[in-house]
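Student: I have a fold on my screen and would like to learn how to read it. Could you walk me through it?

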Amino acid sequence: MTDTSGTEHERGFPTIQESWVWPDRVERLFREQATGRTLHVCCGESSLGDVTVDADRDRDPDAMADMFNLPFEAATFDTVIADPPWHGIQKVGEKHSLFFELVRRVKPNGIILWNALTLPSSEQTQLEQTWVRQDFEEGKASVIGKYRRHPDQQTLDAATVAVAADGGAQQTDG
């Protein structure tokens, strides 16, 4: 039975501020897997990437932006890295909406590196590799997924992405 008493920190999860900093081995993994022009969404304290995005101005990102509505043209980046808030996104549709937004920003045949407690799916991507990240107390873990966007996929418009996310339906080819 899982102990749900106490704060997340007391149950072995890092505090929000502690989770803004990756251990060196995690930062190195992302650096080794990223190729070309890289966007890092929900960057926290990391400066990894050509363009960093966070909603917190104190993190000093290159751009302050809503992770669900990124201010970049579609199919702009070779790699997109995301380490979204693990407990701030409550609805499954929001997680899928965020992933679809990342898919829209990565070029066909580009890479999405996703660190979270769940692995999303999209018809426009293929999960190529996973790593279990276990650097928390009491064996708690997250999963890092490396996705590749299919080279022949068209970029979906925002309305199609919103419909897919709200309805929990699979993303369709554009």
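Tutor: We will go through the sheet, one helix, the aromatic pairs and the nonpolar cores. This is a predicted model, in which local features need pLDDT of at least 70 and side-chain atom pairs count only at pLDDT 80 or more, while totals for chains, interfaces and linings use all residues. Residues are numbered from 1 along each chain as its sequence is written, and side-chain values use heavy atoms, with hydrogens and water left out.

Student: Let's start with the sheet. In what order do the strands lie?

Tutor: Helices (H or I, at least four residues) and strands (E, at least two) are DSSP runs, numbered from the N terminus, and two strands pair if DSSP finds at least two bridges between them. Here seven strands make an open sheet with mixed pairing, in the order S3-S2-S1-S4-S5-S7-S6. Strand S3 (63–64) and strand S6 (125–133) are at the edges with a single partner strand each, so one side of each has no neighbour in the sheet.

Student: Which strands does S4 pair with, and how many bridges are there?

Tutor: S4 runs parallel to strand S1 (residues 38–41), joined by four bridges; Val80 in S4 is the bridge partner of Leu39. S4 also runs parallel to strand S5 (residues 106–116), with five bridges, and there Phe77 stands opposite Val106. Further along, S1 pairs in the parallel sense with strand S2 (residues 51–54) over three bridges, where His40 stands opposite Thr52.

Student: Is S4 largely enclosed or open?

Tutor: For this we use accessible area: buried means under 20% relative accessible area, exposed over 50%, and partly exposed in between (1.4 Å probe, protein chains only). Five of the six residues of S4 (residues 77–82) are buried, so the rest of the structure largely encloses this strand.

Student: How do I read a helix? Which residues of H2 are buried?

Tutor: An α-helix has 3.6 residues a turn, so residues three or four places apart point the same way. In helix H2 (residues 24–33), the buried residues are Val26, Glu27, Leu29, Phe30 and Gln33. They span an arc of only 160 degrees around the axis (taken from the directions from the axis to the C-beta atoms), which puts them on the same side of H2. Exposed Asp24 and Glu32 sit on the face turned away from that buried side. Among the elements covering the buried residues, by contact (heavy atoms within 4.5 Å), are S4, S5, S6 and strand S7 (142–149).

Student: How many aromatic pairs are there?

Tutor: A pair of aromatic rings is described by the distance of the centres and the angle of the planes. Rings of Phe, Tyr and Trp (its six-membered ring) pair if their centres lie within 6.5 Å; planes under 30 degrees apart count as stacked, over 60 as edge-to-face and the rest as tilted. The whole structure has three such pairs. Phe72 and Phe77 are edge-to-face, 5.4 Å centre to centre with 90 degrees between the planes, and both are buried. Phe99 and Trp114 have centres 5.5 Å apart and planes at 90 degrees, so this pair is edge-to-face. Phe99 lies in helix H3 (residues 92–105) and Trp114 in S5, so the pair ties together parts 15 residues apart in sequence. Ring pairs link Phe99, Trp114 and Tyr147 into a cluster.

Student: Which residues have the most contacts inside the largest nonpolar core?

Tutor: In soluble globular proteins, nonpolar side chains tend to be buried together. A nonpolar core is a set of buried Ala, Val, Leu, Ile, Met, Phe, Trp, Tyr and Cys residues joined through side-chain atoms within 4.5 Å. The largest has 23 residues, and those with the most contacts inside it are Leu39, Val41, Val53, Phe72, Leu102 and Trp114. H3 gives the most to this core, with five residues.
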